[in-house]
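I opened the notebook to record what I looked up, one topic per entry. The structure goes in here before the notes.

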Amino acid sequence: MTRSEAIDKLCESYSAYFDVERFDDEAIELAATCFLYVHSEKYVLVKAAKLWEYDSNEYVYIFSVPHLTKEIFEKCRDYAHKEGMSHIEPKPGHMCSYITALFICDTCDKDAVRALKRTRIYKSFRFSFYGWMDFHTGVIELETGMTAANGSGRSTAQLLKKTLLK
């Protein structure tokens with residue numbers, strides 16, 4: 001499977017619930033973005049008698065890299081974090097936001113995988129009264145079928161395996 005086929009398959013699986021935008025520029029590593037916005041509320045009899053409401057968001061950045069190095073990983077991780085944080089609006093009713101950086105690569109360095117697994121980015125807004133943000137990472141090496149993720153992104157690695165390696 002090539003990287004472009006893997007990205008097509010991944011974007012197709014995300015498109016059921018996410019807003020997917022593809023990028024075809026080979027000069028940048030960013031291949032696609034997938035955004036999900038969820039709003040839920042509960043009220044009694046009329047909407048004015050609201051019991052609770054919450055917003056939950058997820059921002060996925062898919063990067064396509066022939067060979068993933070630690071420097072490329074750090075640059076892409078910082079880009080995804082900065083862009084994802086610019087979309088988050090901490091306010092009453094905001095429950096959580098996830099920012100996910102996925103890497104599709106042919107090969108990768110052990111240092112890059114180690115840095116990816118050690119990534120721990122978490123932020124609470126006003127002591128979690130205005131919600132929180134968690135950063136997930138995931139990588140798949142297409143030559144060997146190896147997947148890895150940070151502690152928060154275990155489900156991301158499972159998604160990559162299930163979607164691309166079944």
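Entry 1, terms. I count a residue as buried if its relative accessible area is under 20%, as exposed if over 50%, and as partly exposed in between. I also note that I am reading a predicted model.

Entry 2, helix 2. With that cut-off I looked up the buried residues of helix 2, and they are Phe73, Cys76, Arg77, Ala80 and Gly84. Seen down the helix axis, these buried residues fall within an arc of 105°, so they line one face of helix 2. I then looked at the face turned away from the buried side, and there I found the exposed residues Glu71, Lys82 and Ser86. Next I asked what the buried residues of helix 2 pack against. I noted strand 3, strand 4, helix 3 (110-117) and strand 6 (132-141). I also checked the length of helix 2, which runs over residues 70-87. Its 18 residues should span 26 Å at 1.5 Å a residue, and the end C-alpha atoms are 26 Å apart, so the two values agree.

Entry 3, helix 1. I did the length check here too: helix 1 covers residues 3-14, which is 12 residues, and reaches 16 Å from its first C-alpha to its last. That is close to the 16 Å expected at 1.5 Å a residue. Its buried residues are Arg3, Ala6, Ile7, Leu10, Cys11 and Tyr14. They cover an arc of only 130° around the axis, which puts them on the same side of helix 1. I looked up what covers them, and the list includes strand 1 (19-22), strand 2 (30-43), strand 3 (50-68), strand 4 (94-108) and helix 4 (154-164).

Entry 4, helix 1 against helix 4. I wrote down a packing angle of about 110°, with the axes 10 Å apart. That makes helix 1 roughly perpendicular to helix 4. The crossing of helix 1 and helix 4 is right-handed. On the helix 1 side, I listed Ala6, Lys9, Leu10, Ser13 and Tyr14 as making the contact. On the helix 4 side, I listed Leu159, Leu160, Thr163 and Leu164.

Entry 5, a loop. I looked at Phe127, which lies in the loop between strand 5 (122-124) and strand 6. Phe127 has a positive phi of about 55° although it is not a glycine. Is Phe127 buried or exposed? Its relative accessibility is 78%, so I count Phe127 as exposed. Ser128 is also placed in the loop between strand 5 and strand 6. Ser128 is not a glycine, yet I read a positive phi of about 70° for it. At 36% relative accessibility, Ser128 counts as partly exposed.

Methods
Residues numbered from 1 in each chain as written. Predicted model: local features only at pLDDT ≥ 70, side-chain atom pairs only at ≥ 80, totals over all residues. Heavy atoms only, no water. Expected span 1.5 Å × (residues − 1). Buried < 20%, exposed > 50% of the residue type's maximum accessible area, 1.4 Å probe, protein only. Arc of directions from axis to C-beta. Contact = heavy atoms within 4.5 Å. Axes fitted to C-alpha atoms, helices over the stretch in contact; angles between N-to-C directions. Parallel < 35°, antiparallel > 145°, perpendicular 65-115°, else oblique. Left-handed = near helix turned anticlockwise from the far one by under 90°.
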